[in-house]
Every structure is written in structure tokens, then in C-alpha cells.
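User: I would like a close look at a single part of this chain, the sheet together with the loops that join its strands, and at how that part sits in the rest of the model. Please take it slowly and say how each term is defined.

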Amino acid sequence: MKCPRCDSETIRKMVDAPVDNAWEVYVCDTCFYSWRSTEDPHVHAKFKLKPEDIPNLQVIPPVPPLEK
Ligand SMILES: [Zn+2]
């Protein structure tokens, strides 16, 4: 699995759904993007990050709205 925003493979599961294991939440350890397993996140190219750019960021970048 790859991060939808920075294409890193540093993904870990953050939390499970409280009931029925209906979903899990994953988070990227590189850019801190997180998403639910029931989503199919597509990050617009404008909001994509390259892992090598992340150490230079001054703030954690905002999560863009989901595409409809
Ligand atoms: Zn990422």
C-alpha cells in the first residue's frame, strides 16, 4: 500500500472501527495524511507531496477536501 499523497510506503494502521471491524484508519508516517479503508482517496496532483520535500515544510500541510 502506498500513501495517496506522497507515494511513500510508510503506512501504518492507526485505529480500527469500534464495531464489526467495518473500517480501519491508516496514516502515512511521512506526510501524516490519514484516510479510512472504506475510502479510495485520490489526491489531486496539486496537493501531492514528494517525500524529499517534507523536511523543508514549515507546517504540516492541510489535508485537501475529498474529490467527489
Ligand atoms: Zn504520505
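Analyst: What follows goes from the whole chain to the sheet, then to the loops, the core and one residue further along.

This is a predicted model, in which local features need pLDDT of at least 70 and side-chain atom pairs count only at pLDDT 80 or more, while totals for chains, interfaces and linings use all residues. Residues are numbered from 1 along each chain as its sequence is written.

The secondary structure amounts to 0 helices and 3 strands, and along the sequence the pattern reads β-β-β. Here helices (H or I, at least four residues) and strands (E, at least two) are DSSP runs, numbered from the N terminus. Taken along the principal axes, the C-alpha atoms fill a box of roughly 40 × 25 × 20 Å. Of the 68 residues in the chain, 13% are buried, where buried means that 20 or more other C-beta atoms lie within 10 Å of the residue's own, exposed means 12 or fewer, and partly exposed lies in between, with the C-beta atoms placed from the backbone.

The 3 strands form an open sheet in the order β1-β2-β3, with antiparallel pairing. The edge strands are β1 (11-16) and β3, each of which pairs on one side only, and from one strand to the next the twist averages 25°. That angle is taken between axes, which are lines fitted to C-alpha atoms (for helices over the stretch in contact), and angles run from 0 to 180 degrees between N-to-C directions. Two strands count as paired if DSSP finds at least two bridges between them. In general, strands of a sheet pair through backbone hydrogen bonds, either parallel or antiparallel.

Between β1 and β2 there are 5 bridges, and the two strands run antiparallel. Within this pairing R12 stands opposite V27 in β2, and K13 has Y26 in β2 as its bridge partner. On the other side, 3 bridges join β2 (residues 24-28) to β3, again antiparallel; here Y26 stands opposite W35 in β3, and V27 has S34 in β3 as its bridge partner. Y26 is thus placed opposite W35 as well as being the partner of K13. As for burial, 0 of the 6 residues of β1 are buried, so β1 lies largely in the open.

The loops each hold a residue with an unusual backbone angle, and the background is that most residues other than glycine have a negative phi, and most peptide bonds are trans. In the loop between β1 and β2 lies D20, which has a positive phi of about 65° although it is not a glycine. D20 counts as exposed because it has 7 C-beta neighbours inside 10 Å.

β2 and β3 form a hairpin with 5 residues between them, and F32 in the turn has a positive phi of about 70°. F32, which is not a glycine either, is partly exposed, because 14 other C-beta atoms lie within 10 Å. The loop between β2 and β3 also holds T30, which is partly exposed because 19 other C-beta atoms lie within 10 Å. Leaving aside neighbours within four places in sequence, T30 is in contact with C3, C6, S8, T10, P51 and I54, a contact being two residues whose C-beta atoms, placed from the backbone, lie within 7 Å. From T30 to V63, 33 residues along the chain, the C-alpha separation is 14 Å.

Parts of the sheet also enter the largest nonpolar core, whose 7 residues are C3, C6, Y26, C28, C31, Y33 and W35. Such a core is a set of buried Ala, Val, Leu, Ile, Met, Phe, Trp, Tyr and Cys residues joined through C-beta atoms within 7 Å. One of the core residues, Y33, is in contact with C3, P4, R5, C28 and V63, again leaving aside neighbours within four places in sequence.

Beyond the sheet, K48 lies in the segment after β3 (34-36). K48 is partly exposed, because 15 other C-beta atoms lie within 10 Å, and K48 touches R5 and V43, not counting residues up to four places away in sequence. R5 is also among the contacts of Y33. K48 and N21 are 27 residues apart in sequence and 30 Å apart in space, C-alpha to C-alpha. For the chain as a whole, among contacts between residues at least 6 apart in sequence, 36% join residues at least 24 apart.
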